[in-house]
Amino acid sequence: MSGISRRGAVAAAAAAAAAPALGGASAQARERAFTSVPDGRGDRRDRPNVLVILGDDLGWADLGCFGSTHIRTPSLDRLASGGVRFTDGYSAAAVCSPTRFGLYTGRYPGRLRGGLEEPIGTPAEQIGIPPEHPTLASLLKGAGYETAMFGKWHCGFLPWFSPLKSGWDTFFGNMSGAVDYYSKLSSRGLDLYEGEVPTESLGYYTETIADRAAAFVRDRHDGPWLLNLNFTAPHWPWEAPGDRAVSKEITARIEAGDRRALRHDDGGSLDTYRRMVEALDTGIGRVLKALRDTGQERGTLVLFASDNGGERWSYTWPLTGAKASLNEGGIRVPTILRWPARIRPRQVSGVPVSTQDWTATIFGAARVEPAASHPLDGRSLAPYLLDGARPPGHDLFWRTRSSRALRRGRWKYLRASGSDALYDLRSDPREQANLAARNPGVLKDLAARWEEIDADLLPYPSP
């Protein structure tokens, strides 16, 4: 093959496979009935195990199956080929804490005071998921699921908040938004817990939590389980496996009082980022292998997504914007769903779907009723994925302190820097052609709907 290496050919093929996603799937693909495997018995004995894997600040096109030409992600590519790749998957927010609120509660982050933080940075009694609030874990646990979380929590600090207080039986990980990959120091000091007890581990964090998750999968389980595997990769600091010298330098800066050391503004490279993402993929591969080895693969629903869009070193073409913005690059994320017992492989969906929808979908798959006291804002895709029904077709809503956005089908309303814009994402995912003047009625309708949803949420506190 003249001029193209074997690796280059594989990357090119992956990019070509992802190419239809750049402009969104066709209308026919968006609206067709989904193909699923018939449910053999339809009773509670068939409830799936649930494995939810979150990357951290992963760009929309950072995986081979989403178009990356230089990052190799064979584990996630295989996961996608075994299920459904969602081209229009979104995070609940443009930064990490509120998205996690959306996932764990199934509701808009702005329904809770802690969900207004962008992101949570300091301990406070009001800033977190209240222990009494129903969560994905507490409701599944109440229905007989064993629950565990490994990795990043970032939904409030001790002594008021923790995974153990919100329905998870087991926790090993960090409470804050970022830690050094080796020393496990955050800007506030050591941040690694076994349950609610501080602990130490000097291994590479991505590998450590992947090993913990794989061990959990291999353990004996008497019933279905929920496992949240929350990587910090590829979030800064920019440390790949083996970068102990970089870790030593950053750790020393933290200990000397440098509050921005973890942000690593003076570090990183495309190659370091590549190695971080590939380590993430390798770790996920070990967990998926544990599913295969233990005979649990067919009966396990696996969801992979990122908590928000990428930043400095990410690849997001053709999207614009990045983490913290409501442009597509800040909120559209790589999203994969696999459940071999019920969903056929090698499928692509262009249905717009957000974090809260996955919470509702998991409840639907597990046949667990949400709490009537806390109605979900997400819509379940279970009828679409499992029964061939039409997709929900609901509006997707976002807000930050400075911006607002709402997507309805092909249309996206965006206000940033004080001006309104309207984009047709089906033909313009790059958000370059502002169609507001040509479609004032559409703009008015979407802006009014945004205001209607926002009026039901908590206001942002004064700066």
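## Two residues with positive phi

K184 has a relative accessibility of 0%, so it counts as buried, the cut-off being under 20%. This is a predicted model, and in it K184 sits in the loop that runs between β4 (170-174) and β5 (185-186). The backbone is worth a look here too: phi of K184 is near 65°, a positive value in a residue other than glycine. For context, most residues other than glycine have a negative phi.

H264 tells a similar story. Its phi is near 55°, again positive and again in a residue that isn't glycine. You'll find H264 in the loop between α7 and α8. Is H264 buried or exposed? With 7% relative accessibility, H264 counts as buried.

## Cis peptide bonds

Now for the peptide bonds. Most of them are trans, but a cis bond joins E118 and P119, with omega at about 0°. P119 belongs to the loop between α4 (96-105) and α5 (136-142).

Another cis bond links A233 to P234, and omega is about 0° there as well. To find P234, follow the chain out of β9 (225-230) and into the loop that leads to α7 (244-255).

## α8 and its neighbour α6

Helix α8 (residues 270-293) packs with helix α6 (residues 205-218) at an angle of about 10°, and the two axes are 9 Å apart. That angle makes α6 roughly parallel to α8, since anything under 35 degrees counts that way.

Which residues make the contact? On the α6 side they are T206, E207, A210, D211, A213, A214, V217 and R218. On the α8 side they are A279, L280, G283, R286, V287, K289, A290, L291 and D293. Sorted by character, the residues of this contact come out as 9 nonpolar, 2 polar and 6 charged.

## α8 and its neighbour α3

Helix α8 also meets helix α3 (residues 74-81): their axes come within 7 Å and cross at roughly 50°. At that angle α3 and α8 are oblique to each other.

From α3, the contact takes in P74, S75, L76 and L79, while α8 brings D281, I284, G285 and L288. How do these residues divide by character? The contact of α3 with α8 has 5 nonpolar residues, 2 polar ones and 1 charged.

## The chain as a whole

Stepping back, the secondary structure adds up to 12 helices and 16 strands. The C-alpha atoms fill a box of roughly 65 × 55 × 55 Å along the principal axes. For 463 residues, a compact globule would have a radius of gyration near 23 Å, and the 21 Å of this chain agrees with that.

Buried residues make up 59% of the 463 in the chain, and both K184 and H264 fall in that group. As for contacts, take those with a separation of 6 or more: 72% of them are between residues 24 or more positions apart. Finally, the accessible surface of the chain comes to about 17,800 Å², and carbon and sulfur atoms account for 51% of that.

Terms used
Residues are numbered from 1 along each chain as its sequence is written. This is a predicted model: local features need pLDDT of at least 70, side-chain atom pairs count only at pLDDT 80 or more; totals for chains, interfaces and linings use all residues. Side-chain values use heavy atoms; hydrogens and water are left out. Axes are lines fitted to C-alpha atoms, for helices over the stretch in contact, and angles run from 0 to 180 degrees between N-to-C directions. Helices (H or I, at least four residues) and strands (E, at least two) are DSSP runs, numbered from the N terminus. Angles under 35 degrees count as roughly parallel, over 145 as roughly antiparallel, 65 to 115 as roughly perpendicular and the rest as oblique. Contact means heavy atoms within 4.5 Å. Ala, Val, Leu, Ile, Met, Phe, Trp, Tyr, Cys and Pro count as nonpolar, Asp, Glu, Lys and Arg as charged, and the others, Gly among them, as polar. The radius of gyration is taken over C-alpha atoms; the globule rule is 2.2 Å times the number of residues to the power 0.38. Buried means under 20% relative accessible area, exposed over 50%, partly exposed in between (1.4 Å probe, protein chains only). Accessible areas come from the Shrake-Rupley method with a 1.4 Å probe; for residues, only the protein chains shown count as cover.
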